[in-house]
Structures are given as C-alpha cells and as structure tokens.
Amino acid sequence: YSLLTVSTRDGKAYAGIFESETDRTLQMVQLNGESVAVEKSQIAERQSIHQSPMPSFESVLNPAQLADLVGWLMARRAEPAAGVSITLGRQVGRADAPGTGFAWQQQADRLAISYDGRPLADYVFNDSQVLRPHFQNVLAPGGAQVTRNHPPAEGDAKDHDTMHPGIWLAFGDINGQDFWRNKGRIEHVRFSAAPAVTAGQLTFVTENRLRGQDGAIIGTQVSRITLRGEGEFAFLLTWEAELRGEDRPLVFGDQEEMGLGVRVATPIVEKNGGLVVNSEGVQGAKPVWGKPAAWAVYSRALDGRMRGAALFPARTNPTPTWWHSRDYGVIVANGFGQRVLPPAADGKLVIPAGAALTLRYGVLIFDAPASSPPDFAAVDRAFQANPQTR
C-alpha cells in the first residue's frame with residue numbers, strides 16, 4: 001500500500017492509506033487503524049509516497065524469527081493458496097523452468113506485473129492523484145526502464161507528474177469534462193476478466209466509470225489489455241477501449257490532450273539526446289507535432305542500444321491519428337479534433353446515445369541492439385492484421 005500524507009490549513013497532519021474520495025471529502029485510514037474524513041477545501045498539501053507504512057521485518061523480528069518465517073514461506077510455495085486476497089499468476093514455459101513468463105500480484109490499488117521473475121510494470125487502477133487507470137514504471141525485457149519514474153526521482157523533471165504517469169488513455173474533453181488533468185475521474189469498477197496467461201500472453205479486462213467533476217457518471221469504459229513478448233528485446237502492450245454514454249451522447253472535443261499517451265524515461269527524452277520519428281520519416285518532436293502519421297517512435301541510441309516506445313494506433317479507429325509530441329518526453333496518439341475530422345464536424349466527435357466508440361492502440365516497449373533495432377513498419381503491419389486482443 002502507498003502511504004498518503006495530508007496536511008490541512010489549520011496545521012493538522014494525517015498519514016495512512018487512501019480509502020475513497022468525493023468532490024468534498026477525502027477518506028483515509030490512519031496508521032492507528034482509525035478512519036478519518038478530511039474536507040478537501042481545507043487540504044494544504046497531499047502526497048502519495050510509494051513506500052509501505054508497514055514496519056520492516058528487521059525492526060520487529062530477530063534473526064532467528066526471520067529465518068523461521070522464510071523457512072515456513074518456502075515450504076508453502078508449492079501449496080495452493082486458500083482464502084488469500086492477493087491473486088498470484090505465473091506462466092510456466094516448461095516443467096523444468098518455474099518462474100518463467102508473465103506473473104502478477106493483485107494489490108489493493110494495482111497489478112504488479114513481472115516477467116521471468118523481474119519487474120515489468122505496474123497497472124495502477126486506484127490512485128489518489130492520478131484519477132485514471134494507467135501503467136507506470138514500465139521496463140523492457142532486459143530491465144531497462146522506458147517510461148518515466150513515477151513518482152519522479154531525483155534528477156527527473158517534475159512537470160505533469162500526475163498527468164503523465166507512464167502509459168495512459170485519457171481525454172481532456174468529453175462532454176466538457178476533463179479526464180486528462182485529473183478533474184474528472186475514470187473510476188475502476190472491477191476486473192470483468194481476471195488476469196490470465198494464455199499462449200504466452202497476459203490478458204485482463206477492466207470496467208470503469210467516467211465520473212465528471214460534479215460526481216455525475218456520464219459514461220463507461222471497458223478496457224481490454226494484452227501484454228506479450230515481441231521477440232527477444234521488446235514487449236507489445238495492446239490497449240483496446242470501448243466507451244459508451246450512460247443515457248446521452250458522448251462528445252469528444254478538440255484539443256491536444258486526447259488519446260493514448262506515453263511519457264518516456266529521463267535518459268530517452270529529446271532534451272537529453274532522444275528523438276521522435278514518425279512513419280513518414282519526419283524527425284523531431286516539434287516537426288512531428290500536429291501531423292497525421294500511421295505510427296511514431298520516441299527513442300534514443302545509448303551505449304550501443306536503441307531504447308524507447310513506439311505507438312501504433314489501429315486503422316479500425318474511427319479517424320486517423322495526429323501526434324502531440326514534446327521534447328521533454330511526452331508523445332500522444334490523438335485521433336480527435338479538426339486535424340483529422342471533417343471541417344463540418346467542428347472538431348468534435350459525437351458518439352450517439354446507445355452507440356460505442358472503440359479505440360485500439362499498440363505500444364512497443366523495446367531495448368534492442370542499436371545495430372538491429374525493431375522493424376517498426378513490420379510491427380505495425382502485424383498489429384493491424386491482428387485485431388483481436390482477447
């Protein structure tokens with residue numbers, strides 16, 4: 001559990017676990033086990049610290065007790081869990097190689113995903129500051145980090161930290177509500193299909209509510225997520241989302257903060273030597289910005305490796321994609337606004353009540369030898385030819 005700290009204008013301070021929040025109050029469980037509701041209008045500062053509030057083992061156990069605990073846990077590794085609230089999954093490649101493939105731990109706020117026993121990414125579905133599901137701290141197969149540190153570490157840029165957590169799908173304007181800048185909330189409801197590994201792929205399906213800043217629910221979002229290996233040096237994340245209005249049309253506005261975004265790690269950003277390139281061969285975040293293209297890559301050649309993220313919008317999306325890209329590390333596949341919609345639409349995409357908008361994107365996370373980087377055009381062709389994410 002992440003530790004949440006809150007200080008109020010009258011000098012009070014609270015520390016504990018996030019429980020829930022409304023437009024007016026923040027509910028949290030303090031370290032003494034007591035629940036407290038804090039008026040949000042009185043909050044002077046709040047911070048989510050990715051550090052467990054539980055004491056470390058060495059502070060409560062002596063060496064002999066710790067050895068006994070480890071021995072007991074090791075003896076039960078092979079036993080099926082019963083009545084445990086944490087879900088564990090593992091794909092075994094062959095009988096003599098336990099621990100290979102995808103694995104996950106379902107926690108109160110996230111899926112902690114690993115591959116071959118090493119961390120891969122966190123899919124966070126409940127966060128007190130980033131009010132939408134997202135992936136953070138995403139690594140390539142070899143362990144190199146490709147998305148930014150979240151929260152930012154020493155030496156990282158601190159800008160947009162709650163808007164650009166890693167990989168996300170969000171919209172700055174749906175029916176006038178802003179789900180990009182954490183004013184509206186894309187609220188996790190449940191996993192309608194629990195994480196599972198089939199044919200070497202990790203898949204899960206989530207249901208979410210689009211809750212406006214006033215608390216009203218304006219629609220739903222069902223996300224189908226797939227993670228699979230793409231050769232020796234890359235993972236391919238597929239994110240398919242179906243959005244519906246509750247009992248009204250959904251109107252998607254015209255702005256740059258719309259669609260699927262990635263914020264790359266500090267060493268990859270253009271300011272530090274990285275480069276944005278699109279499918280048309282245009283190079284540089286500024287030249288790529290605002291132009292339609294089939295796909296785009298944000299990467300850097302470093303120490304004989306080519307490391308970064310490539311984004312592939314599906315051709316089945318209702319409109320072409322233009323690109324929002326910046327030299328400080330963000331790139332967004334945006335299929336909304338006058339750059340891709342007919343002038344008569346006034347830059348607004350309207351989904352009638354009862355209808356659904358389906359969006360599908362692929363994100364290639366890679367760290368390959370610079371002498372043989374991924375063939376992005378080939379990855380795109382394969383992604384377009386395989387519309388199924390289930």
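1. Asp367 and Arg307 form a salt bridge through their side chains, with an N to O distance of 3.4 Å. Asp367 belongs to strand β24 and Arg307 to strand β20, so the pair ties together parts of the chain that are 60 residues apart in sequence. Asp367 and Arg307 are both buried. Elsewhere, Asp109, Arg110 and Asp122 are joined into one network by salt bridges that share partners.

2. On confidence: this is a predicted model. The average pLDDT of the protein is 87, and 86% of the residues score at least 70. The stretch to treat separately is residues 76-98, where the pLDDT is below 50. In the model, this stretch has 24 contacts beyond near neighbours in sequence.

3. The strands that carry the Asp367 and Arg307 pair belong to a sheet. The sheet is open and has 8 strands, in the order β12-β13-β14-β15-β24-β20-β19-β18, with antiparallel pairing. Its edge strands are β12 (185-198) and β18 (275-278), each of which pairs on one side only. From one strand to the next, the twist averages 15°. Strands of a sheet pair through backbone hydrogen bonds, in a parallel or an antiparallel arrangement.

4. Within that sheet, strand β20 covers residues 305-313 and strand β24 covers residues 356-369. The two run antiparallel and are joined by 9 bridges. Phe312 stands opposite Gly362 of β24. Helix α4 (residues 376-385) lies across β15 (234-245), β19 (296-302), β20 and β24. The helix runs at about 35° to β20.

5. The edge strand β12 has two salt bridges to β13 worth listing. In one, Glu187 pairs with Arg211, and the closest N and O atoms are 3.1 Å apart. Glu187 sits in strand β12 and Arg211 in strand β13 (residues 201-211), 24 residues apart, so that the pair links distant parts of the chain. How buried or exposed is each partner? Glu187 is buried, at a relative accessible area of 17%, whereas Arg211 is partly exposed, at 23%. Buried here means under 20% relative accessible area, so Glu187 meets that cut-off.

6. In the other, the side chains of Arg190 and Glu207 meet, at 2.8 Å from N to O. Arg190 lies in strand β12 and Glu207 in strand β13, so this pair ties together parts 17 residues apart in sequence. Arg190 is partly exposed, with a relative accessible area of 43%. Glu207 also counts as partly exposed, at 25% relative accessibility. The count for the model comes to 16 salt bridges. Side chains of opposite charge can pair when their charged atoms come close.

7. On the nonpolar packing: the largest nonpolar core has 62 residues. Those with the most contacts inside this core are Ile113, Phe135, Phe171, Phe252 and Val262. Apart from this core lies another, of 13 residues, among them Met306, Ala310, Phe312 and Phe383. In soluble globular proteins, nonpolar side chains tend to be buried together.

8. Which residues does Ile113 touch, not counting residues up to four places away in sequence? They are Phe102, Ala103, Trp104, Pro119, Leu120, Ala121, Asp122, Tyr123, Phe135, Leu202 and Leu227. Phe135 is itself one of the residues with the most contacts inside the largest core. Asp122, also touched by Ile113, is a member of the salt-bridge network with Asp109 and Arg110.

Terms used. Residues numbered from 1 in each chain as written. Predicted model: local features only at pLDDT ≥ 70, side-chain atom pairs only at ≥ 80, totals over all residues. Heavy atoms only, no water. pLDDT = per-residue confidence, 0-100. Contact = heavy atoms within 4.5 Å. Core = buried A, V, L, I, M, F, W, Y, C linked by side-chain atoms within 4.5 Å. Buried < 20%, exposed > 50% of the residue type's maximum accessible area, 1.4 Å probe, protein only. Pairing = 2+ DSSP bridges. Helix = DSSP H or I, 4+ residues; strand = E, 2+ residues; numbered from the N terminus. Axes fitted to C-alpha atoms, helices over the stretch in contact; angles between N-to-C directions. Salt bridge = Lys/Arg side-chain N within 4 Å of Asp/Glu carboxyl O.
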